[in-house]
Amino acid sequence: LLQPADQAGGIPARAAHRLAVGVELIDQRGDRQPRAVALGLVEDEPQVCRFLRAALTSHGFRLLETGTIREALQLATGHNPEVYLLDLGLPDGDGIDLVRRLREWTRAPIIVLSARGREEDKVNALDAGADDYLTKPFGVNELLARLRVALRHAQAGPELPSVLEAGPLRIDLARREVTVDG
């Protein structure tokens, strides 16, 4: 599933080559094109990753893939996905701990995908900060519907200023752009 991390000790090279700043794309004619939603996928099973990659990229999502908690935290801080899909059974710990850590600083929707089907597991994940829980196996249409709902709810959240400025630094949250002196 994972390839060696890049030279700086960051996320795996396979995931890093797909990462791009999440802004509107401008084609050669200068027309704005809608951008893909950046989705952080935290899953260590290669077959599940292949399935999700095919299903989600064909529906306009840009996947940022990792397979461990450590890599997921690096991805989250470095690339700030707009929504997360994560498994609970990860090789370096329990995904519920990752949900708690993400919730300390992000309001991005978190959907748990897990083979754990007990009510107690679902309640623990939701109480830890997950927005939704989907038990494996699941259908693509249900997953897509839950992603749409999570993203819709995230957009309907409390209004934040769309542009932050501090001296020469300007951060446009809506466009996901950062500029210095202009």
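What share of the contacts in the chain with a separation of 6 or more comes from residues 24 or more positions apart? The figure is 57%. Keep in mind as you read that this is a predicted model. The chain has 182 residues, and 39% of them are buried. Its secondary structure comprises six helices and twelve strands, and its accessible surface is about 10100 Å², with 52% of that belonging to carbon and sulfur atoms.

**Nonpolar cores**

- The largest nonpolar core contains 20 residues. Those with the most contacts inside this core are Leu 86, Leu 98, Val 99, Leu 102, Ile 110 and Val 112.
- Three helices and two strands, namely α3 (69-79), α4 (95-103), α5 (119-128), β5 (83-86) and β8 (110-114), each give at least two residues to this core.
- A further core of 19 residues lies apart from the largest one, and its members include Leu 39, Cys 49, Phe 61 and Ile 111.
- If you would like one residue to click on, try Leu 98: beyond the residues up to four places away in sequence, Leu 98 touches Val 42, Ile 69, Ala 72, Leu 73, Leu 86 and Leu 90.
- As general background, nonpolar side chains tend to be buried together in soluble globular proteins.

**Salt bridges around Lys 136**

- The structure holds twelve salt bridges, and Lys 136 is a good place to start looking at them.
- The side chain of Lys 136 pairs with that of Glu 45 at 3.7 Å, N to O. Lys 136 sits in the loop between β9 (132-135) and α6 (140-155), while Glu 45 sits in the loop between β3 (37-42) and α2 (46-57), so this salt bridge ties together parts 91 residues apart in sequence.
- Lys 136 also meets Asp 87 in a salt bridge, at 3.6 Å from N to O. Here the loop between β9 and α6 is linked to the loop between β5 and β6 (89-90), where Asp 87 is located, with 49 residues separating the pair.
- How accessible are the three partners? Lys 136 is buried, at 16% relative accessible area. Asp 87 is buried too, at 4%, whereas Glu 45 is partly exposed, at 33%.

**A salt bridge between α6 and β9**

- Arg 146 and Asp 132 form a salt bridge in which the closest N and O atoms are 2.6 Å apart.
- Arg 146 belongs to helix α6 and Asp 132 to strand β9, 14 residues apart.
- Arg 146 is partly exposed, with a relative accessible area of 25%, and Asp 132 is buried, with 19%.
- Shared partners also build a network of salt bridges: Glu 43, Glu 45, Asp 87 and Lys 136 are joined into one.

**Strand β11: a charged residue and a surface patch**

- Asp 172 lies in strand β11 (residues 169-172). This residue is buried but has no salt bridge, and the nearest side chain of opposite charge, Arg 170, is 4.0 Å away.
- Setting aside neighbours within four places in sequence, Asp 172 is in contact with Ser 162, Val 163 and Glu 177.
- Leu 169 is placed in β11 as well. Together with Val 178 and Val 180, Leu 169 makes a nonpolar surface patch of about 260 Å².
- Why can Leu 169 count towards a surface patch? Leu 169 is partly exposed, with a relative accessible area of 32%, and patch residues need over 30%.

Conventions: Residues are numbered from 1 along each chain as its sequence is written. This is a predicted model: local features need pLDDT of at least 70, side-chain atom pairs count only at pLDDT 80 or more; totals for chains, interfaces and linings use all residues. Side-chain values use heavy atoms; hydrogens and water are left out. Helices (H or I, at least four residues) and strands (E, at least two) are DSSP runs, numbered from the N terminus. Buried means under 20% relative accessible area, exposed over 50%, partly exposed in between (1.4 Å probe, protein chains only). Contact means heavy atoms within 4.5 Å. Accessible areas come from the Shrake-Rupley method with a 1.4 Å probe; for residues, only the protein chains shown count as cover. Lys and Arg count as positive and Asp and Glu as negative; His and the chain ends are not counted. A nonpolar core is a set of buried Ala, Val, Leu, Ile, Met, Phe, Trp, Tyr and Cys residues joined through side-chain atoms within 4.5 Å. Patches are made of residues with over 30% relative accessible area and no salt bridge: like charges are joined within 9 Å, nonpolar side chains (Val, Leu, Ile, Met, Phe, Trp, Tyr) within 5 Å.
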